[in-house]
Amino acid sequence: MRLDKYLADMNLGSRKEVKQFIKKGLVTVNDAVVKSDKFQVNEKADSVAFDGEVIAYQKDFYYLLNKPAGVISATIDDYDETVMDLFDDETYRDDLFPVGRLDKDTEGLLVITNDGALAHRLLSPKRHVEKEYYAEVAGIMTEEDVAVFANGMTIDGNETCLPAKLMIDAVDEAAETTIIRLVLHEGKFHQVKRMVQAVGKEVTYLKRIRMGQLLLDASLTFGEFRPLTPEELILLETRDKQ
Ligand code: URA
């Protein structure tokens with residue numbers, strides 16, 4: 001690829017700015033100053049440095065975000081703050097986007113990437129990548145509900161859900177509330193809320209805690225994110241529990 005594209009892709013500046021850096025002799029390829037922005041570099045083999053600092057080429061970027069309530073899972077919106085507003089520092093690429101959607105009031109694990117192929121694989125209904133949610137529910141969830149969810153229920157009259165694993169973690173009989181975890185293999189609109197509603201109860205708090213075998217990092221506060229490790233990237237696409 002062209003040297004100016006390489007540097008612009010690595011966020012050193014706009015294409016116009018990096019051309020100026022190259023002209024000024026600030027850029028070396030394999031330790032030799034290169035002053036032509038058209039110079040072809042092999043991003044896998046060549047060592048490109050800017051102002052003496054080696055700039056490794058990275059094509060795809062992956063982040064684990066602990067989504068806070070109140071922001072929407074979109075790249076751009078006229079009214080609401082979006083998850084991408086959390087990445088508006090110029091050190092981040094401008095082609096990042098969230099993989100799938102969480103409701104505005106839902107918190108927790110959201111992967112942010114510029115890798116469209118990965119997003120497609122994770123969201124494909126055929127791949128059935130697991131998503132696990134923690135929810136607080138008004139009403140008492142029962143073993144009958146566990147069976148209904150396991151059998152593949154119908155919501156809103158005509159939408160059939162794949163079998164889902166409902167786990168009842170705590171029941172407060174006096175307050176008539178339940179803490180549940182729910183594992184889904186698909187991502188229908190408002191799915192957790194609508195499944196719980198279909199058995200006569202209501203989700204009052206919702207957080208995604210797992211995608212594939214990738215867990216939400218408990219050390220991330222709401223709104224915080226960090227790059228995924230290579231091992232976590234594999235876990236994201238791993239189907240079975242380890
Ligand atoms: N199910 C919901 O109801 N909301 C979400 O944000 C995710 C899953």
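A polar contact is here a pair of N or O atoms within 3.5 Å, and that cut-off is worth keeping in mind at the ligand, where this tour of a predicted model begins.

**The ligand and its surroundings**

Select the ligand together with the residues that surround it, namely L102, D103, T106, Y133, H190, Q191, V192, K193 and L206. Begin with the side chain of T106, one of whose polar atoms lies 2.8 Å from an oxygen atom of the ligand, a distance that falls within the 3.5 Å limit for a polar contact. Then show the backbone as well, since a polar backbone atom of V192 is found 3.1 Å from a nitrogen atom of the ligand, while a polar backbone atom of K193 is 3.1 Å from an oxygen atom of the ligand. How much of the ligand's exposed area does the protein bury? The ligand taken alone exposes 240 Å², and 95% of that is buried by the protein.

**Strand β13 and its partners**

Next, select residues 202–211, which form strand β13, and colour the strands that pair with β13 one after another. Strand β7, residues 107–113, pairs with β13 in the parallel sense over two bridges, and within this pairing E107 can be found opposite K207. Strand β8, residues 131–138, runs antiparallel to β13 and is joined to it by eight bridges; to locate one of these pairings, select K131, whose bridge partner in β13 is M211.

Stay with M211, which also stands opposite L214 in β14. Strand β14 comprises residues 214–215 and pairs with β13 in the antiparallel sense, again over two bridges. These two strands, β13 and β14, form a hairpin with two residues between them, and G212 in the turn has a positive phi of about 60 degrees.

**From the turn to T238 and helix α6**

With G212 still displayed, add T238, which lies in the segment after α6. Beyond residues up to four places away in sequence, T238 touches G212 and Q213. A polar atom of the T238 side chain is 2.8 Å from the backbone oxygen of I234. For a longer span, draw a line from the C-alpha of T238 to that of R208: the two residues are 30 residues apart in sequence and 17 Å apart in space.

Move now to helix α6, residues 230–236, and select E232 within it. Is E232 buried or exposed? E232 counts as buried because its relative accessible area of 13% is under the 20% cut-off. Showing the contacts of E232 brings up L64, L214, R226 and P227, once its neighbours within four places in sequence are left aside; of these, L214 has already appeared on this tour, opposite M211.

**The four-stranded sheet and the domains**

Turn next to the open sheet of four strands, whose order is β2-β1-β3-β4 and whose pairing is antiparallel. The edge strands, each pairing on one side only, are β2 at 32–33 and β4 at 53–54. Strands β1, residues 27–29, and β3, residues 48–50, run antiparallel and are joined by three bridges, and selecting V27 shows F50 of β3 opposite it.

Finally, colour the chain by its domain assignment, which gives domain 1 as 3–54, domain 2 as 62–126 + 215–236, and domain 3 as 131–211. What separates the centres of domain 1 and domain 3? Taken over C-alpha atoms, the distance between those two centres is 52 Å.

Terms used
Residues numbered from 1 in each chain as written. Predicted model: local features only at pLDDT ≥ 70, side-chain atom pairs only at ≥ 80, totals over all residues. Heavy atoms only, no water. Pairing = 2+ DSSP bridges. Buried < 20%, exposed > 50% of the residue type's maximum accessible area, 1.4 Å probe, protein only. Contact = heavy atoms within 4.5 Å. Near = heavy atom within 4 Å. Polar contact = N/O pair within 3.5 Å; in protein donor to acceptor, adjacent residues only side chain to side chain. Areas by Shrake-Rupley, 256 points an atom, 1.4 Å probe, with all protein chains shown as cover. Domains from an automatic or database assignment.
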